[in-house]
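Dear colleague,

Please find below the structure that I promised to hand over, together with its sequence. After it I have written out what was found, one topic at a time, so that you can follow along with the model open beside you.

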Amino acid sequence: MDNSVFRIVILAHVASTLFMTGLIWFVQIVHYPLFALTGRQEFQTYEGRHTSLTTWVVAPPMLIEAATGVALLCFSAAGLSASKLWLGLGLLAFIWLSTAILQVPCHNILAGGFDATVHRRLVTTNWGRTLAWSLRAALALWMLSELISGK
């Protein structure tokens, strides 16, 4: 990968990871807990709009994050530790699996109406994604710092 393409890929990777980390913290601390305060009659409509609108916000950066993470590993990015890249991809795999196996099913149930038990499960299981994205952010910044400093 030539140097200018590498720069774009690493910057897109770091930017998408940081964006998703900030977003997941907002969702975890503010957005998901507020589900419980939405009126019961309005909740089904609210959840449907939440799901469709959120997809437009999260899909592009999640896809960019995954594609650039794989690209960095596949093109043996000069100066980046393969173990750090693999760790980052492992965390990303955890995030995607958690989304598919834990959070999406909760949203699917909540689409039928508010359920306090499912809501609690959504908030509780989302801590795994929040932690994983936080670790990814630290890892991405660490790799960027090493590249900048030439270590």
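I would begin with a single residue, Thr17, which has a relative accessible area of 0% and is therefore buried, since the cut-off for that word is under 20%. Please keep in mind as you read that this is a predicted model. Thr17 lies in helix H1, which covers residues 3-34, and, when its neighbours within four places in sequence are left aside, Thr17 is in contact with Glu65, Trp133, Arg136, Ala137 and Ala140.

Thr21 also deserves your attention, and it too lies in helix H1. Its relative accessibility is 10%, so it counts as buried under the cut-off of 20%. Again leaving aside the neighbours within four places in sequence, Thr21 is in contact with Trp133, Ser134 and Ala137. How far apart are the C-alpha atoms of Thr21 and Arg129? They are separated by 9.1 Å, although the two residues are 108 residues apart along the chain.

Turning to the protein as a whole, its secondary structure comes to 4 helices and 0 strands, and reading along the sequence gives the pattern α-α-α-α. The C-alpha trace spans about 55 × 25 × 20 Å along its principal axes. Of the 151 residues in the protein, 42% are buried. If you consider the contacts with a separation of 6 or more, 79% of them are accounted for by residues 24 or more positions apart, and the pair of Thr17 and Trp133 is one contact that you can look up yourself in the model.

Helix H3, which runs over residues 82-110, allows a small check of length. Its 29 residues should span 42 Å at 1.5 Å a residue, because the expected span is 1.5 Å times one less than the number of residues, and its end C-alpha atoms are 40 Å apart, which agrees. When you trace H3 in the model, please look also at Thr99, where the helix bends by about 40°.

Finally, there are the surface and the charges. The accessible surface of the protein comes to about 8200 Å², and 73% of that surface belongs to carbon and sulfur atoms. The protein has 9 positive and 6 negative charges, and the mean positions of these two groups are 5 Å apart.

With best wishes

Technical notes. Residues are numbered from 1 along each chain as its sequence is written. This is a predicted model: local features need pLDDT of at least 70, side-chain atom pairs count only at pLDDT 80 or more; totals for chains, interfaces and linings use all residues. Side-chain values use heavy atoms; hydrogens and water are left out. Helices (H or I, at least four residues) and strands (E, at least two) are DSSP runs, numbered from the N terminus. Buried means under 20% relative accessible area, exposed over 50%, partly exposed in between (1.4 Å probe, protein chains only). Contact means heavy atoms within 4.5 Å. Accessible areas come from the Shrake-Rupley method with a 1.4 Å probe; for residues, only the protein chains shown count as cover. Lys and Arg count as positive and Asp and Glu as negative; His and the chain ends are not counted. The place of a charge is taken as NZ of Lys, CZ of Arg, CG of Asp or CD of Glu. The bend at a residue is the angle between axes fitted to the seven residues ending there and the seven starting there.
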